[in-house]
Amino acid sequence: MPPTSTHFSIRPIPSAGRGVLASTPLAPNTPLLLSPPPAAHVIFRQYRREVCAHCLHYDRGRTLPVRDAPIGKVFCAEPCRAAWREAQGPLGVEAWTALETFVRSRAKSVVSTLAQAAVGAKPGAQAVVATWEAAAEVGALHARARGGGVGAADSGPGIKADREYRRALHHVWTQSVDPDILGYLLSGVLTAHGDAGYWQREVEGLAMDEEAYKDTADLEAHCNAFLQLVATVPRELVGSCTVEVCQTLANASSHNSFGIRAGGDEGEEYMGYALYPEASYFNHSCSPSVRKKRVGRQWEFSTAREVGEGEELCITYLGGDEKDLTVTQRRERLRGVWGFECMCERCRREDTS
Ligand SMILES: C[S@@+](CC[C@H](N)C(=O)[O-])C[C@H]1O[C@@H](n2cnc3c(N)ncnc32)[C@H](O)[C@@H]1O
């Protein structure tokens, strides 16, 4: 459900889905929105010792002082660790511990692919559906076996008799392990499990990308991660670890995720990304009227200049680079990274083709 405010409303925008329109004239620096913490997020494994798992603080590449080895995370201070554990609850802590144990047990097969460039073409919608359908079949075997009282990691005599299941299990244990995809999916599964109403209202209503994977390996890595999660998470979570939840996470993050960067917003280091449903209604403009700033786990949005009633409130997806680029360069960048043709007022004005 889109956020509500006396300052703006969410309305359809020609050629850009929905967008945020000013309900009244707004002075510069008017606070517009403070987003709640993300519905799902990942800090890339290479930054796991440098970024606080709770407040996302980064100290110029220094290793942070509070390490919580069983869950594989670090914190800038003890209160952050305590707040993280409280927010996750016992089930969340158990799930992260199980995931970290799994990743460590497969250390030789770990590959982090989310920040890598694409190799080959994006798989089309049909390939996406077919690959997830195949994963769903194997996932159902896992879920049935685990729901029946036998964990994937502790297969008992009943399971041993099930050849199909053993083949599926073998598949899971022999694929490579992408801790970043696993972590992103687990964070979303925990959100969906913790508050199904929020998930339905806020996450499922976002703009979705049915062709969300950068290449075929990325699609397969997501399906493998889903299967590895079904086999790894505590039994209580298996029912929420579904193809639907994992696909929603992938499809929503393609259009809506915010980069977690060193300097809060426009820093050089790309350390991860996060899904903030409430903050996902701002369209892009190459002449943005809204400034965004990450403060810890939240995003603050405020007007960057005077905005007239009925004017669209837009942020930049180009992190400030739009100032120095031509209309062709800007459109190319947005097409390449975000997959849309920029229809902002500035691009339409400068487009002479
Ligand atoms: C974060 S969402 C913004 C909200 C979205 N319009 C909606 O209906 O939910 C990003 C998506 O909005 C659309 N969009 C944002 N800015 C745009 C622009 N300047 N021109 C065309 N489409 C845009 C693109 O489809 C993009 O992938």
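Visitor: In strand S4, residues 40-43, are the residues on the two sides buried or exposed?
Guide: This is a predicted model. Ala 40 and Val 42 lie on one side of S4, with His 41 and Ile 43 on the other. A residue needs 20 or more other C-beta atoms within 10 Å of its own to count as buried. Both faces are covered, and these four residues are all buried.

Visitor: Which residue in S8 stands opposite His 41?
Guide: S4 pairs with strand S8, residues 270-275. The sense is antiparallel, over 4 bridges. Opposite His 41 stands Ala 274.

Visitor: How many bridges join strand S1 to strand S2?
Guide: S1 covers residues 8-12 and S2 covers residues 18-22. One of the contacts sets Arg 11 against its bridge partner Gly 19 in S2. The two strands run antiparallel, and the number of bridges is 5.

Visitor: Which residue in the turn of the S1 and S2 hairpin has a positive phi?
Guide: The hairpin leaves 5 residues between its strands. The phi in question is about 65 degrees. The residue is Ser 15.

Visitor: Which residue in S11 does Leu 21 stand opposite?
Guide: Strand S11 spans residues 312-313. S2 and S11 run antiparallel, joined by 2 bridges. Leu 21 faces Glu 312.

Visitor: Which are the edge strands of the open sheet of 3 strands?
Guide: The order is S1-S2-S11, with antiparallel pairing. An edge strand here pairs on one side only. That description fits S1 and S11.

Conventions. Residues numbered from 1 in each chain as written. Predicted model: local features only at pLDDT ≥ 70, side-chain atom pairs only at ≥ 80, totals over all residues. Pairing = 2+ DSSP bridges. Buried ≥ 20, exposed ≤ 12 C-beta atoms within 10 Å, placed from the backbone.
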